[in-house]
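User: Hi! I have a protein open in my viewer and I'd like some help finding my way around. Could we go through it together?

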Amino acid sequence: MIADPYQAVSPSAAIVIETSDPGTLLGTLTVTGGITGELAGIKEFSSLFNTLKYLHELSEKESLVRLFSGNRSVIAFYPADQAKLTPFLSMVLPSDLNLRHIRDGLGNAGINGVVPLKQGKTKMLGIPYKDADDTDTLFLSVNSGLLLAGFSSEMVVTSRARLSNPDDIRSAPGFQRVQQASGKNENKIFLIFDNLKGMSERMFRSEKLKLADDVTKIAGSAGGEFILDENGFAFSGYSEGSGSDEILDRFRDIDPVTLNTTEVLPASTVMF
């Protein structure tokens, strides 16, 4: 049976990224220039990007490269306190790797202070982590061929229990249909608009709360393939509505017409 990383992600996630090469993606997300560098400079996102940078540093350790290379993964971002996002990783693990091998790899990489933990029936590793502002712990667990990693032991335990529950992120409004249409490229991203409410309200000023509310009503979910590099971000995908109160629903009754390029291109156009 092939392990399914989506099973560990709950419907409360706000943003979900699927990748076939998590190490490379983490490196792209944490470059100092380009769009990611601009986002990292925003107060609400700075802590998140520090966390992603730490995960990327782990992926570059020689004894951990195999763990982060070419293994299908899902990185979910959940709403957290103060309208921030906290990441959670669900990764398909090579069949010959287990929690003990990961602990040995961390030791060989010079990661000190790794602590074996047990919460109920869930065995975990706790890895002390310190960013510029605070000290935290990364928790790792292995179950059903998946590596589960998060900065909350409760999140890891809950996600592990979810593996036997059919109610995962694919039950979020519109998610399954956009996932099926998202293509076969190595990187995909999905937005669950209603779960972005807290973050959007914090990002907009009080007099712009109507705009924050509109963000949550764009559609049920949107998703597709993306390319991220130093030149910018390119996305191609779909959105799916789930109710008549969504902005997307306003376009359902618009009759399509034939596009006449000569009517939309300016007179100064040289070639198209």
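**Empty spaces inside**

Analyst: Happy to! Let's start with the second largest cavity, which holds about 40 Å³ of space. Keep in mind that this is a predicted model.

User: Which residues line the second largest cavity?

Analyst: The lining is made of Leu55, Ile75, Pro87, Phe88, Leu89, Leu138, Ala149 and Phe151. Strand E3, residues 85-92, gives the most to that lining, with three residues.

User: And how many of the lining residues there are nonpolar, polar or charged?

Analyst: Eight are nonpolar, and there are no polar and no charged residues in the lining of the second largest cavity.

User: How do people spot empty space like that anyway?

Analyst: A probe the size of a water molecule is rolled over the atoms, and that shows where empty space is left.

User: OK, how many cavities of 30 Å³ or more are there in the whole structure?

Analyst: The search finds two. The largest cavity has a volume of about 80 Å³. It is lined by 13 residues, and the closest to its centre are Leu58, Leu67, Phe68, Leu138 and Leu140.

User: Which helices and strands supply at least two residues each to the lining of the largest cavity?

Analyst: There are helices H3 (43-59), H4 (65-68) and H5 (99-108), plus strands E6 (135-143) and E7 (146-150). As for residue types, the lining of the largest cavity has 13 nonpolar residues, no polar and no charged.

User: Nice. Let's zoom out: how many helices and strands does the chain have?

Analyst: The chain has 10 helices and 10 strands. It is 272 residues long, and 44% of them count as buried.

User: What about the surface, how much is accessible?

Analyst: The accessible surface of the chain is about 15200 Å², and 51% of it belongs to carbon and sulfur atoms.

User: And what share of contacts join residues at least 24 apart?

Analyst: Counting contacts between residues at least 6 apart in sequence, 60% join residues at least 24 apart.

User: New topic! What is phi of Ser144 near?

Analyst: Phi of Ser144 is near 50 degrees, a positive value in a residue other than glycine. For background, most residues other than glycine have a negative phi.

User: Where does Ser144 sit, and is Ser144 buried or exposed?

Analyst: You'll find Ser144 in the loop between E6 and E7. With a relative accessible area of 54%, Ser144 is over the 50% cut-off, so it counts as exposed.

User: Great, thanks for the tour!

Definitions and conventions
Residues are numbered from 1 along each chain as its sequence is written. This is a predicted model: local features need pLDDT of at least 70, side-chain atom pairs count only at pLDDT 80 or more; totals for chains, interfaces and linings use all residues. Side-chain values use heavy atoms; hydrogens and water are left out. Helices (H or I, at least four residues) and strands (E, at least two) are DSSP runs, numbered from the N terminus. Buried means under 20% relative accessible area, exposed over 50%, partly exposed in between (1.4 Å probe, protein chains only). Contact means heavy atoms within 4.5 Å. Accessible areas come from the Shrake-Rupley method with a 1.4 Å probe; for residues, only the protein chains shown count as cover. On a 1 Å grid over the protein atoms alone, a cavity is a set of points where a 1.4 Å probe fits but cannot get out, and a pocket is an open set with protein on both sides within 12 Å along at least five of seven lines; lining residues have an atom within 4 Å of a point. Grid points are joined across faces, edges and corners, and a volume is the space filled by probe spheres set on the points. Ala, Val, Leu, Ile, Met, Phe, Trp, Tyr, Cys and Pro count as nonpolar, Asp, Glu, Lys and Arg as charged, and the others, Gly among them, as polar.
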